[in-house]
Amino acid sequence: MQLGTPQGPSPQRDPAAGERASILIVDDLPEKLLVFRTVLEELGQDLVTVRSGADALREILKREFAVIMLDVNMPGMDGFETATLIRQHRRSAHTPIIFITSYADEIQTARGYSLGAVDYILSPVVPEILRSKVGVFVSLYLMQRQVERQVDARAAMMAAETARRMAEESDRRSSFLAAASQALSRSLDIEVAMRELTGLLVPTWAAAAVAWVADPELGRGQFAIAARGAGEGSPAVVAGTGLGADAAVMAVLQDSTALRQIGRVQTRALPGLSAGALGHPGADPGGPVLNSVAAVALHFGERVLGVLLVASPDEAAWTHEADLNLLQEVATRAGAAFENARLYRNLQREIVERQAAQQELQQASQRKDEFLAMLSHELRNPLASVHTAIEVIRRVADKHPKVGWALDLASRQLRQITRLMEELLDVTRISQGKITLKCEPVDLRVVIAHSIETVHPLLESRRQTLGVQMPEAPIWVHADGARLTQVIANLLHNAAKYSPESTPIDLCVAIVGQDVEVRVRDQGMGIDEELLPRIFDLFAQGKRGLDRSQGGLGVGLTLARRLTEMHGGRIEVRSGGRNLGSEFRVTLPRGETVPAGEAPACAPVGTHPFQPERILVVDDNLDAAQALATMLEMEGHAVRTAVDGEDALASAAEFRPDVLLLDIGLPRLDGYEVARRLRAAGEAGVLLIAITGYGQHEDRQAALEAGFDCHFVKPVEADSLLESIRAWRQGAPSHAGQRAP
């Protein structure tokens, strides 16, 4: 059977002719192969010729052929066997096969067609017929290839379009999530976070969105709701407390606190749901019915902070996994934002509480300072009376040893009480920054001498010996002599107080490079190891035993350290432990050497001839006024007393005193006002001495500004007061009673 001659365009004119096809020719005779090649070359395709079935199979493995021309009668593997093996190969299973034979009966033809042959060509061949038949299969092959390319191109284009849409959607979602993160992190205020969250979801992803707070620390019941408006404008977002939603919506919010993933709410649970039913006060009554609702709890760890609910009129909303993942990601980020808001709210609450506590502490400190100032004033009045009474008794009592012993004891204890009170007040002043040093070149040897003089009565009463080692040449430091004396005297006082009676105490002064060291060493009770690091802390004390006869407030060493540091120095302590003594070391920077003739005067005030004065004592404390007046009368002065400011002015006008000892805290007119009126009245020649319980720097300044010449703090040393009066009469500066600030 032969196919008819095909009619139609030749392969060379086919649109697919741009691609060349391969034609396999299989024949064992070289001359026949040459004939076939010559006939088919005009097709312009790739011709592959082989001489056996095995060679044909190898070529099929290498490439794809448009048509195979196969000789039936070949030695070894004939054409039928070769065709059978060709059909078993996937690439050539449907390749057209044209058998070439010189003889073909019906049996042979049937066998060939059963093996997939498309035609038989009898040899010798007619060139035009062979070329035409092979050309048809070549054209079909090229057209099929073109269709395949078109299909592949369309598939590629569709795939690219799908990928583009997916990329755009991914970008859209990524941009939305980025915007959500940015908006949620814009503020740590929970209401702002909820407004941002709901405003982002509407109208891009939902027609309405509700953010509801479930955590008590965030303010359970707070909400924000956004709903799509009637126009194209931005969604209307409202926030507040107490969501006015339907009971069914509130039930959904309550139930959703247990959800970890986005859950769709059954529409039968919320029939006919609208934005108004969600609690939006400005929702359009004619708005669409929200047929699809989803909700999820906003978690951070195991903590449920709130609930996010979204609603849409589209029943298919949130049925796709991508949409659910998006909402879940938004919920995760919102949970983190809510947690940050909760932590910030707690921090703000703690700050407010701490500020309130700090304000309370400041008020308590202020009340303490006011109490200490009042305490000092109230204590100084009775102390002044007792001190003056002791001086009066000392002047009139018999010189009996027991009387002298009792007066000395009372004086020592009075000085101890006064010292404790002064230390406590000084620590308070330093803490408030109210102490200002008056630094000048000071010979440290003079400071040491004054310090020893201060503690000498205590050393003598305890029969303790003080060994002093220091250079003979002046040791100049830039310091406030009075305050530095206070530091050294405090250390000596502690050494004496905490050492057994009749034990030695050593004081050593040495030059160490650019510094000077003052060491106070004792053989007393020592300092426990656990107390050493905090021995200079305020109110720090060692354990008290029942045998501790010496007390204290635990402020002396604190005062010593702070005054030392104010001088640019440092103070250290060493001790081997209990009952092994201790050593305190004060290190101060050395000052420049003071040239001869410029050293500050340190000579004591000389004794002046006695001259009786007319003295007016003004104090509302009758005991203090009478005691001081008695002591002055015993010294030969003419004395009168007054009990308030107006009485003082009247007595001064009548008595015409030379000296006026004036208390500050007087009824009716205070001491400042009395002094100002006296100076305004022309009493410039009167010595005005303030004797008061108020001893802070501002009190002294106020006294000097009011017209006082001297400022004494109760209790007043009688000798200092009398020396000040004598110095004034002789024209010397009368500043003996002025306290350093």
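Is Glu646 buried, exposed or partly exposed? Glu646 comes out as partly exposed, with a relative accessible area of 38% (buried is under 20% relative accessible area, exposed over 50% and partly exposed in between, taken with a 1.4 Å probe on protein chains only). The structure is a predicted model, in which local features need pLDDT of at least 70 and side-chain atom pairs count only at pLDDT 80 or more, while totals for chains, interfaces and linings use all residues. Residues are numbered from 1 along each chain as its sequence is written, and side-chain values use heavy atoms, with hydrogens and water left out.

On confidence, the protein chain averages a pLDDT of 80, and 85% of the residues score at least 70 (pLDDT is the predictor's confidence in each residue, from 0 to 100). Residues 544-551 stay under 50, and the model gives them 11 contacts beyond four places in sequence (a contact being heavy atoms within 4.5 Å). Residues 597-608 also stay under 50, again with 11 such contacts. Where pLDDT is low, the predicted coordinates should not be read in detail.

Now to the sheets. One is an open sheet of 5 strands in the order E2-E1-E3-E4-E5, with parallel pairing. Helices (H or I, at least four residues) and strands (E, at least two) are DSSP runs numbered from the N terminus, and two strands pair if DSSP finds at least two bridges between them. Strand E2 (46-50) and strand E5 (117-122) are the edges, each pairing on one side only. Neighbouring strands here are turned by 20° against each other on average, direction ignored (axes are lines fitted to C-alpha atoms, for helices over the stretch in contact, and angles run from 0 to 180 degrees between N-to-C directions). Helix H1 (residues 30-40) packs on this sheet, touching strand E1 (22-26), E2, E3 and E4, and its direction makes about 155° with that of E1. Helix H2 (residues 53-62) packs on the sheet as well, touching E1, E2 and E3, at about 165° to the direction of E1. Within the sheet, strand E3 (residues 67-71) runs parallel to strand E4 (residues 97-101), the two being joined by 4 bridges; Asp71 has Ile100 in E4 as its bridge partner.

Another open sheet has 5 strands in the order E13-E15-E16-E18-E17, this time with mixed pairing. E13 and strand E17 (570-575) stand at its edges with a single partner strand each, so one side of each is left without a neighbour in the sheet. The twist averages 15° from one strand to the next. E17 pairs with strand E18 (residues 582-589) in the antiparallel sense over 6 bridges, and Phe584 in E18 is the bridge partner of Val573. H12 lies across E13, E15, E16, E17 and E18, running at about 25° to E16.

Arg519 is found in strand E16 (residues 515-522) and counts as buried at 17% relative accessibility. Its side chain makes a polar contact of 3.0 Å with that of Glu517 (a pair of N or O atoms within 3.5 Å; within protein, one must be able to donate a hydrogen and the other to accept it, and residues adjacent in sequence count only if both atoms are side-chain atoms). Leaving aside residues up to four places away in sequence, Arg519 touches Asp506, Leu507, Cys508, Ala510, Glu583, Phe584 and Arg585.

Across the whole structure, a search finds 36 salt bridges (a side-chain nitrogen of Lys or Arg within 4 Å of a carboxyl oxygen of Asp or Glu). One of these joins Arg342 and Glu217 at 2.6 Å, N to O. Arg342 lies in helix H9 (residues 321-396) and Glu217 in the loop between strand E6 (208-213) and strand E7 (222-227), so the pair ties together parts 125 residues apart in sequence. Arg342 is buried at 8% relative accessibility, whereas Glu217 is partly exposed at 30%. Arg463 forms a salt bridge with Glu501, the closest N and O atoms being 2.6 Å apart. Arg463 counts as exposed at 53%, and Glu501 as partly exposed at 41%. Glu646 meets Arg668 in a salt bridge of 2.3 Å, N to O. This pair links helix H15 (residues 645-655), home of Glu646, with the loop between strand E21 (659-662) and helix H16 (671-680), where Arg668 sits, 22 residues apart. Arg668 is exposed, at 61% relative accessibility.
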